[in-house]
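Here is my notebook from an afternoon of poking around in a structure file. I jotted things down in the order I looked them up.

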Amino acid sequence: MGEIQKGLFSVIEKLKGTTEQELRIVLLGLDNAGKTTLLKKLASEDVNMITPTQGFNIKSVTFHGMKLNVWDIGGQRKIRPFWKKYLENTDLLIYVIDSADKKRFEETGLELSELIDEENLKGVPLLIFANKQDLTTASTASEITEGLNLHTYRDREWQIQACSAISGEGVQDGMNWISNNIVKKKK
Amino acid sequence: MAEDSEWVVESIAGYLGSPEWLIPLTDFIENKCSVFDDEEENKLSYTEIHQQYKQLVEKLLENYMQEVGISEQQFLDACSSPFAKSKTLQALFQPVLATNDFQLFRSLMVQKNVELQLQALRVIKERNGALPECLTDGTDVMSELEQQEMQILQEVLKRSKEEYEEEIARREHVAPKVGSTSASLGEEPVRNGTGPQAAAHTPAQPINSLGKKEDKVISERSSDSASPKASDNCSTETRTLPAVRVPVKGPAPPPMSREKTANQAAESWLEEARKEAGISKPFRELTVAQQEELQQRAEYLRQQRDKLQALKKEQKGKSVAVEETPSPTPTPAPATQEISVEEKKKLQKRKHLAEKLKEEVIKK
């Protein structure tokens with residue numbers, strides 16, 4: 001039944017009256033990495049009252065004439081098994097890392113490498129935000145690149161961007177990368 | 001080819017307005033919508049329900065397309081034809097689009113949930129004459145409710161006072177000699193007099209501390225309304241009160257218990273009033289006990305809603321049964337209506353159906 005259904009889906013997709021291009025972006029990372037803060041920052045919302053996400057948040061942001069549907073899914077250990085339910089038809093994976101949480105670099109690296117192997121994310125571009133650069137103890141983006149062996153990722157485009165979701169520093173640079181590498185290609 | 005896609009669109013649009021489509025879909029939405037609230041964050045369970053919804057819509061559409069003999073390509077052509085982009089058709093297609101658009105799906109579910117809750121409230125209202133205050137929300141209603149509450153409160157206080165005075169009068173008859181027991185009881189009337197007032201305050205205070213303006217009104221009102229009465233009590237009771245205190249000290253407990261029941265009644269009413277007032281506060285501002293109450297009420301509401309659903313289901317079942325008897329083949333029915341409008345389409349559709357039938361007959 002799978003094939004017929006997929007066919008029907010593509011039909012339904014075309015039913016949409018809008019001509020606007022859409023991108024599906026999934027925002028993942030360990031708990032307390034700053035995913036929801038980043039999401040709210042992207043949507044220009046207040047980032048002060050953010051609590052740990054138990055489910056998921058969605059925001060649609062228009063960016064360079066494209067509609068970005070960003071899905072932020074809770075990162076707590078007990079929720080992580082649900083991540084793979086949200087990966088279908090993803091155009092971009094944004095992975096957020098708490099750069100100051102050195103103790104969990106290994107854990108976050110492991111989660112990332114498992115994600116990369118997911119069938120649904122095959123070849124999907126990856127943007128890593130090395131978040132919390134506003135903290136003095138934060139590792140730099142290049143340190144994280146080393147630690148996570150990002151250089152071994154050769155099956156897709158990837159980028160690591162240092163940022164502070166709270167102050168917004170670096171976020172725009174990451175978005176520009178998205179614009180240059182994904183939005184333009186999609187068009 | 002354009003004509004071809006036109007009848008496909010019409011046929012599908014007809015199906016999307018038919019009970020074959022609407023009943024299972026509405027059933028699904030009504031059964032599953034209760035977990036959908038309008039919190040910003042989505043629950044993981046929404047995704048599961050969305051998946052089930054997709055499957056249902058696909059199954060229904062596919063069955064129909066197979067039945068009528070519309071191929072996917074035809075469907076695709078039809079959907080991209082300008083004819084399909086009209087507003088009325090777009091509205092019909094909403095539930096289909098929701099399979100691919102989580103946000104749209106979510107808004108459908110949230111909307112249905114709110115609708116059902118409102119319906120449940122209406123049913124409760126019809127059944128009980130008035131809506132229990134605990135189930136209303138919003139400030140405009142609240143002020144009315146507050147007034148009602150205060151009336152009830154005053155009534156209760158009045159009655160408990162009457163009972164109390166009656167009791168005193170009776171006591172006085174029975175034991176008049178103790179009336180002069182002592183001067184030390186001089187304070188007592190005051191304390192007794194403030195009794196009801198204190199009772200009125202206790203529930204009002206916590207509400208007040210929750211920091212909403214209306215609540216201040218409540219507490220003010222309650223003290224306003226209670227205190228004149230309390231002072232009434234004082235004046236009328238100065239004579240009688242010494243007699244009252246006697247049984248407390250004395251060996252006869254019945255008046256005491258009588259007094260107690262009256263007080264208890266008042267307290268339970270007050271408790272009730274407090275609960276009802278409590279519902280209008282933002283959830284996190286409530287105490288644990290109040291949250292529990294709120295949850296209980298939510299549960300009650302849910303139950304009412306479930307009943308409503310069951311009722312609806314029954315009705316639906318009936319209406320289907322009724323419909324089925326006069327027209328054993330409901331699908332062509334709406335089609336026939338459209339046909340009378342345009343001859344061409346009618347012919348095409350008939351031809352198509354005939355072919356389909358022939359095919360089936362021959363196959364069998």
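**Entry 1: a pair of threonines.** I started with the side chains of A:Thr53 and A:Thr36, which are joined by a polar contact of 2.8 Å. Before going on, a note to self: this is a predicted model.

Why did I look at these two? UniProt, in an unreviewed entry, puts the feature "binding site" at A:Thr36 and A:Thr53. They span 18 residues in sequence, yet their C-alpha atoms are no more than 7.5 Å apart, so they gather at one spot.

**Entry 2: A:Thr36 on its own.** I found A:Thr36 in helix H2 of chain A, which covers residues 35-42. Is A:Thr36 buried or exposed? Its relative accessibility is 10%, and the cut-off for buried is under 20%, so A:Thr36 counts as buried. Then I listed what A:Thr36 touches, skipping residues up to four places away in sequence: A:Ile50, A:Thr53, A:Asn57 and A:Asp72.

**Entry 3: A:Thr53 on its own.** A:Thr53 sits in a loop of chain A, between H2 and strand S2 (56-63). With a relative accessibility of 8%, A:Thr53 counts as buried too. Which residues does A:Thr53 touch, not counting those up to four places away in sequence? My list reads A:Thr36, A:Asp72, A:Gly74, A:Gln76, A:Ile79 and B:Glu41. I put a mark beside B:Glu41, since that name carries the letter of chain B. A:Asp72 turns up in the list for A:Thr36 and again in the list for A:Thr53.

**Entry 4: how far to trust chain A.** I checked the confidence next. Chain A has a mean pLDDT of 89, and 87% of its residues reach 70 or more. Residues 1-5 of chain A are another story, with pLDDT below 50; beyond near neighbours in sequence, that stretch has four contacts in the model. Where pLDDT is low, the predicted coordinates should not be read in detail. I left that stretch alone.

**Entry 5: over to chain B.** How many helices and strands are there in chain B? I got 13 helices and zero strands. Chain B has 364 residues, and 40% of them count as buried. I also looked at contacts in chain B with a separation of 6 or more: 79% of these are between residues 24 or more positions apart.

**Entry 6: two helix pairs.** Two packed helices are described by the angle between their axes and the distance between the axes. I took H2 (residues 19-32) and H3 of chain B to begin with: their axes come within 11 Å and cross at roughly 170°. Angles over 145 degrees count as roughly antiparallel, so that is the word for H2(B) and H3(B). Among the residues that meet there are B:Trp21, B:Leu25 and B:Phe28 in H2(B), and B:Tyr53, B:Leu56 and B:Leu60 in H3(B).

Then I tried H3 (residues 44-68) with H6 (residues 102-128), also in chain B. Their axes come within 11 Å and cross at roughly 95°. H3(B) and H6(B) are therefore roughly perpendicular to each other. Here B:Tyr46, B:Ile49, B:His50 and B:Tyr53 from H3(B) meet residues of H6(B) including B:Phe102, B:Phe105 and B:Met109. B:Tyr53 appears at the meeting with H2(B) and at the one with H6(B).

**Entry 7: one last side chain.** I finished on B:Gln74, in helix H4 (residues 72-80) of chain B. B:Gln74 is buried, with a relative accessible area of 17%. A polar atom of the B:Gln74 side chain lies 2.8 Å from the backbone nitrogen of B:Ser71.

How values were computed
Residues are numbered from 1 along each chain as its sequence is written. Chains are lettered from A and ligands numbered from 1 in the order in which they are written. This is a predicted model: local features need pLDDT of at least 70, side-chain atom pairs count only at pLDDT 80 or more; totals for chains, interfaces and linings use all residues. Side-chain values use heavy atoms; hydrogens and water are left out. pLDDT is the predictor's confidence in each residue, from 0 to 100. Contact means heavy atoms within 4.5 Å. UniProt positions are given in the numbering used here, feature names are shortened, and annotations may be inferred rather than shown by experiment. Helices (H or I, at least four residues) and strands (E, at least two) are DSSP runs, numbered from the N terminus. Buried means under 20% relative accessible area, exposed over 50%, partly exposed in between (1.4 Å probe, protein chains only). A polar contact is a pair of N or O atoms within 3.5 Å; within protein, one must be able to donate a hydrogen and the other to accept it, and residues adjacent in sequence count only if both atoms are side-chain atoms. Axes are lines fitted to C-alpha atoms, for helices over the stretch in contact, and angles run from 0 to 180 degrees between N-to-C directions. Angles under 35 degrees count as roughly parallel, over 145 as roughly antiparallel, 65 to 115 as roughly perpendicular and the rest as oblique.
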